[in-house]
Amino acid sequence: TRARVMAAEWGYSPTNGPDVWARLFPQAGGARQSPVDICTSIASSDSNLEMKKLTFAYESQSDLRILNTGHGWKVEAPQSGSRLEGGPLGEDIYQLEQFHCHWGETSAEGSEHTVDGRAYAGELHLVHWNTTKYQSFAEAAQHPDGLAVLGVFFDVGNESNDEIEKIVSTLSEIKFKGQFTDIPDVIDPTTFLPSGLGYWTYLGSLTTPPCNECVIWIVYKEPITVTEEQVTYH
Ligand SMILES: NS(=O)(=O)/N=C1/NCCS1
Ligand SMILES: [Zn+2]
């Protein structure tokens, strides 16, 4: 049967990767799937600034739980006091739920989005949900305007990122999928954002199964710098 073809767990190999996700996750075959290659020459700039300014406000939190998802790390950070609004988000307010990271075997690749065909060493996703319209994250993820994800590219350079270090320093405790631990340090998500706040935005999806087409993507143009150590699998 078809089930024998599909490996038990989705992943990124030829037998369980993005090309076959649609067999088990129908939305993966949809018309607004992420990630995409951002072609800067055809991305229309909002020249007359009719789009409102994107504003964000986060709380600092300590003892956040970090989880090994099997595809990277995820920090659960539901913040009822956080707000992301404006820009492409209309009149709705979005609240931070979690942030996680995608990276690769080498620093030559690892980001999900690419820019004019170029991959970055990694990509941080700050995941928010529409609390104006929906009652829960799970409900929001069933609607086209349910989630807003901020994407921040990682460039590898000489200086390490102190905030990322607070996270990466705990990874030795969660070597295996499903393991979690608490991050003792105080984390302020604002510090993950680049200084230049220019971004590209488009209507897309979760980049991993079930690939719900529920994400308003906001991808910052300016990468943040981390060291090779901070962004490669060990
Ligand atoms: N990588 S992603 O942010 O598009 N995927 C997600 N899955 C569940 C919440 S966010
Ligand atoms: Zn992601």
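## Two buried histidines

His100 and His102 are both buried. The cut-off for that label is under 20% relative accessible area. This is a predicted model, and these two residues are a good place to enter it.

## The zinc site

What coordinates the zinc ion (ligand 2)? His100 does so through NE2, His102 through NE2 and His125 through ND1, at 2.0 Å. Along the sequence, the donor residues follow the spacing H-x1-H-x22-H.

Why is the arrangement around the zinc ion called tetrahedral? Its four donor atoms subtend angles of 100 to 117°. Four donors count as tetrahedral if all angles lie between 85 and 135 degrees. The angles here fit, so the site is tetrahedral.

## The shell around ligand 1

The zinc-binding histidines turn up again here. Ligand 1 is surrounded by Gln98, His100, His102, Glu112, His125, Val127, Phe137, Leu206, Thr207, Thr208 and Trp217. By class, this shell has four nonpolar, six polar and one charged residues.

Which strands each supply at least two residues of the shell? They are strand E6 (94-103) and strand E9 (122-130). E6 gives the most, with three residues.

Now look at the polar contacts. A polar side-chain atom of His102 lies 3.2 Å from a nitrogen atom of ligand 1. For His100, a polar side-chain atom is 3.3 Å from a nitrogen atom of the ligand. In the side chain of His125, an N or O atom sits 3.4 Å from a nitrogen atom of ligand 1. How much of the ligand does the protein bury? Taken alone, ligand 1 exposes 300 Å², and the protein buries 87% of that.

## Ser82, in a loop

Ser82 is found in the loop between strand E4 (73-76) and strand E5 (83-85). Is Ser82 buried or exposed? Its relative accessibility is 4%, so Ser82 counts as buried. The side chain of Ser82 also has a partner: it reaches the backbone oxygen of Gln79 at 2.6 Å.

## Val219, in a strand

Val219 has its place in strand E13, which covers residues 215-220. Relative accessibility for Val219 is 1%, and therefore Val219 counts as buried.

Val219 can also be paired with a residue elsewhere in the sequence. Gly198 and Val219 are 21 residues apart along the chain. Their C-alpha atoms are separated by 8.6 Å.

Methods: Residues numbered from 1 in each chain as written. Chains lettered and ligands numbered in written order. Predicted model: local features only at pLDDT ≥ 70, side-chain atom pairs only at ≥ 80, totals over all residues. Heavy atoms only, no water. Near = heavy atom within 4 Å. Polar contact = N/O pair within 3.5 Å; in protein donor to acceptor, adjacent residues only side chain to side chain. Areas by Shrake-Rupley, 256 points an atom, 1.4 Å probe, with all protein chains shown as cover. Helix = DSSP H or I, 4+ residues; strand = E, 2+ residues; numbered from the N terminus. Nonpolar A, V, L, I, M, F, W, Y, C, P; charged D, E, K, R; others polar. Donors = N, O, S within 2.8 Å, 3.2 Å for Na, K, Ca; no water. Tetrahedral: all angles 85-135°; square planar, octahedral: opposite > 155°, others 65-115°. Buried < 20%, exposed > 50% of the residue type's maximum accessible area, 1.4 Å probe, protein only.
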